[in-house]
Amino acid sequence: MNKVRLEAFSDGVIAIIITIMVLELKTPHGPAPHDLAPVLPVMLRYLLSFIYVGIYWINHHYLFDKVQKVDGLAMWANLHLLFWISLIPFVTAWAGEHPFESVPVAMYGAVLLMCSIGFVVLDEVLRRRGAGSARPSWMERKNLASMLLYALAIPLALWYAPAGSIVHVVVAAMWLRPRAPA
């Protein structure tokens, strides 16, 4: 199958995910600046999640840049990644409403870990099928570091939720500057 359908489908799913996240945002109950305080944690978690979804969208396009055709296994691997990304709105809302509670923040980290694993699985399927280009070493190192940090963030969040959130921000910051394909 031509990769264009898979990319169009993925773009549509990601657009819906962002739409769902923004629809979860609630307006402040009053017009004064101090009325923003109760919704600020939700807005900050939304911002972080928007950045994460954007990172996956950018890297998904980078991953498919040299791909010409995909097979059934690649489509399933892509759906696996999209499944985990589709859970981001759920954990965003939960961790945003309970930013200092361990379980929601740990679950946020667990979903991010699974997204990262899903991306690596898709990358590996494409490489083994000869559909992708050789993965640059910087990407392998960043993926591995991300997964290790996500795995660390889960018990950290269970111990002290803000510590897990700090790790989530650090990993996002690692990916903000995209590397140009070689």
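## Two cavities and a helix pair

Welcome to this structure: Tyr52, Ile55, Tyr56, Asn59, Ser116, Phe119, Asn143, Ser146, Tyr150 and Trp175 form the lining of its largest cavity. The model is a predicted one. Counting cavities of 30 Å³ or more gives two, and this briefing visits each of them before turning to the packing of helix α1 with α4.

**The largest cavity**

- The largest cavity holds about 100 Å³ of space.
- Three helices each supply at least two residues of the lining: α2 (40-64), α5 (102-128) and α6 (137-159).
- Among these elements, α2 is the one that gives the most to the lining of the largest cavity, with four residues.
- Sorted by class, this lining has six nonpolar and four polar residues, and no charged ones.
- If you would like places to start looking, the lining residues include Tyr52, Phe119 and Trp175.

**The second largest cavity**

- In the second largest cavity there is about 40 Å³ of space.
- Around this second space you will find Met21, Glu24, Leu25, Val42, Tyr46, Pro89, Thr92 and Ala93.
- Two elements, α2 and α4 (88-97), give two or more residues to that lining.
- Here α4 gives the most, with three residues.
- By class, the lining of the second largest cavity has six nonpolar residues, one polar residue and one charged residue.
- Helix α2 is worth following in both places, since α2 supplies at least two residues to the lining of the largest cavity and two or more to that of the second largest.

**How α1 packs with α4**

- Helix α1 covers residues 3-23, and its axis lies 9 Å from that of α4.
- The angle between α1 and α4 is about 20°; angles under 35 degrees count as roughly parallel, and α1 and α4 are therefore roughly parallel to each other.
- The crossing that α1 and α4 make is right-handed.
- On the α1 side, Ile17, Ile20 and Met21 take part in the contact, and they meet Ile88, Pro89 and Thr92 in α4.
- This contact of α1 with α4 has five nonpolar residues, one polar residue and no charged residues.

**Where the two topics meet**

- Met21 belongs to the α1 side of the helix contact, and Met21 also lines the second largest cavity.
- Pro89 and Thr92 belong to the α4 side of that contact, and both residues are found in the lining of the second largest cavity as well.

Conventions. Residues numbered from 1 in each chain as written. Predicted model: local features only at pLDDT ≥ 70, side-chain atom pairs only at ≥ 80, totals over all residues. Heavy atoms only, no water. 1 Å grid on protein atoms, 1.4 Å probe; cavity = no way out; pocket = protein on both sides within 12 Å on 5 of 7 lines; lining within 4 Å. Points joined across faces, edges and corners; volume = space filled by probe spheres on them. Nonpolar A, V, L, I, M, F, W, Y, C, P; charged D, E, K, R; others polar. Axes fitted to C-alpha atoms, helices over the stretch in contact; angles between N-to-C directions. Parallel < 35°, antiparallel > 145°, perpendicular 65-115°, else oblique. Left-handed = near helix turned anticlockwise from the far one by under 90°. Contact = heavy atoms within 4.5 Å.
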